[in-house]
Amino acid sequence: MGRVLRQAARRRSEFREQDESVAAPGVTPPARSDLSAAARGAPMFDLNLPRPEGREFAFTDHDFQQIARMIYEHAGISLSASKQEMVYSRLARRLRVRGLQRFDDYLELLAGGDEAEWEAFTNSLTTNLTAFFREPHHFPILAEHALARAGDHRLELWCAACSTGEEPYSMAMTMVETFGTYSPPVHIVATDLDTQVLAKAREGVYALERVERMQPERLRQFFQRGTGSRAGMVRVRPELQQLITFSQVNLLHRAWPVRGPFDAIFCRNVMIYFDKKTQRGILERFVPLLREEGLLFAGHSESFQHAADLFRPRGKTVYEVTRAGGRHG
Ligand SMILES: C[S@@+](CC[C@H](N)C(=O)[O-])C[C@H]1O[C@@H](n2cnc3c(N)ncnc32)[C@H](O)[C@@H]1O
């Protein structure tokens, strides 16, 4: 216990309040798109390329199909044939860790129900790309919505695929700024399927490059700078962390351990991995979890036109429940 406390104290002492030097002018944000080719829907690999020779492990089309079926059934993630190389390289690591020689043996391990391996398998196959204030036009809409809704109840927000935490922390920063206090009348539930990204999200420690594009004022207000062994890192302030509860939720599972009703649900850039049928099932379950006039925020390439009876657009990739959809009062 004493050692744990000492470690925690050391970690605390390795983060200092921000000063402007962290976001010094002249630090150029990396000139990269926040969207990978995969997320834009472009094939990552040319299907006509010859199969790489000399792979460490034999990996057949059949193996790939089995894996695609298993992750689809477990997490709803649809893997097209173009993802074969990605799947090989991500799972080859698991074979090495488990000391296996063949994908066959690995699949047998999963078929036997090895829970730890199922978790690692799932974590390996999710794509966790995210960023602070990604799709920034959503945050002023959230701010305005929160101000209009606050008053009679504490606002409940759900971030339904929070990845490594940048998204719920951006929501929390927006709420602190909107209400002008570190204790806004807001609670954020942040969930993801992937346990590894959830651990990172809870920790709230990021490489400096992740926040280089952030306004210096925000950076100073919401982050502490790492020193010593944490140099080059920043940590979100504990006040922000206190607004958020992180937990694991598989959007495909029957039971979601979230209660609602929510004033807003952020479900961004995860539906693109699901087919229309799976998307529809999830949207149907969002409806009763949203309060009247509650908002659903989607990713830039996600359109719910196929569920127009449930949700209608309320702005760019923002939706509200239709009258026919019904929801909580
Ligand atoms: C590309 S990230 C999007 C992160 C964030 N919402 C954003 O827009 O920046 C997709 C996230 O969805 C999560 N995910 C994938 N399948 C899921 C499922 N069945 N249930 C819950 N989360 C899932 C992944 O683990 C990943 O962290």
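**Exercise 1.** Find which atoms bring Asp192 and the ligand together, then extend the search to Ala161 and Asn269.

*Solution.* Start at Asp192: an N or O atom of its side chain is 2.6 Å from an oxygen atom of the ligand. This is a predicted model, in which local features need pLDDT of at least 70, side-chain atom pairs count only at pLDDT 80 or more, and totals for chains, interfaces and linings use all residues. Residues are numbered from 1 along each chain as its sequence is written, and side-chain values use heavy atoms, with hydrogens and water left out.

Next, turn to Asn269, where a polar side-chain atom sits 2.8 Å from a ligand oxygen atom. At Ala161 the backbone takes part: one of its N or O atoms lies 2.8 Å from a nitrogen atom of the ligand. Finally, check the cover: the ligand alone exposes 590 Å² (Shrake-Rupley method, 1.4 Å probe), and the protein buries 99% of that.

**Exercise 2.** Describe the residue classes in the shell around the ligand.

*Solution.* Sort the shell by class: 10 residues are nonpolar (Ala, Val, Leu, Ile, Met, Phe, Trp, Tyr, Cys and Pro), 5 are charged (Asp, Glu, Lys and Arg) and 7 are polar (the others, Gly among them).

**Exercise 3.** Is Glu320 buried or exposed, and which side chain does its own side chain join in a polar contact?

*Solution.* First locate Glu320 in strand β11, residues 318-321 (strands are DSSP runs of E, at least two residues, numbered from the N terminus). Its relative accessibility is 14%, so Glu320 counts as buried (under 20% relative accessible area, 1.4 Å probe, protein chains only). Then look at Arg314: its side chain and that of Glu320 share a polar contact of 3.3 Å (N or O atoms within 3.5 Å, one able to donate a hydrogen and the other to accept it; residues adjacent in sequence count only if both atoms are side-chain atoms).

Conventions
Buried < 20%, exposed > 50% of the residue type's maximum accessible area, 1.4 Å probe, protein only.
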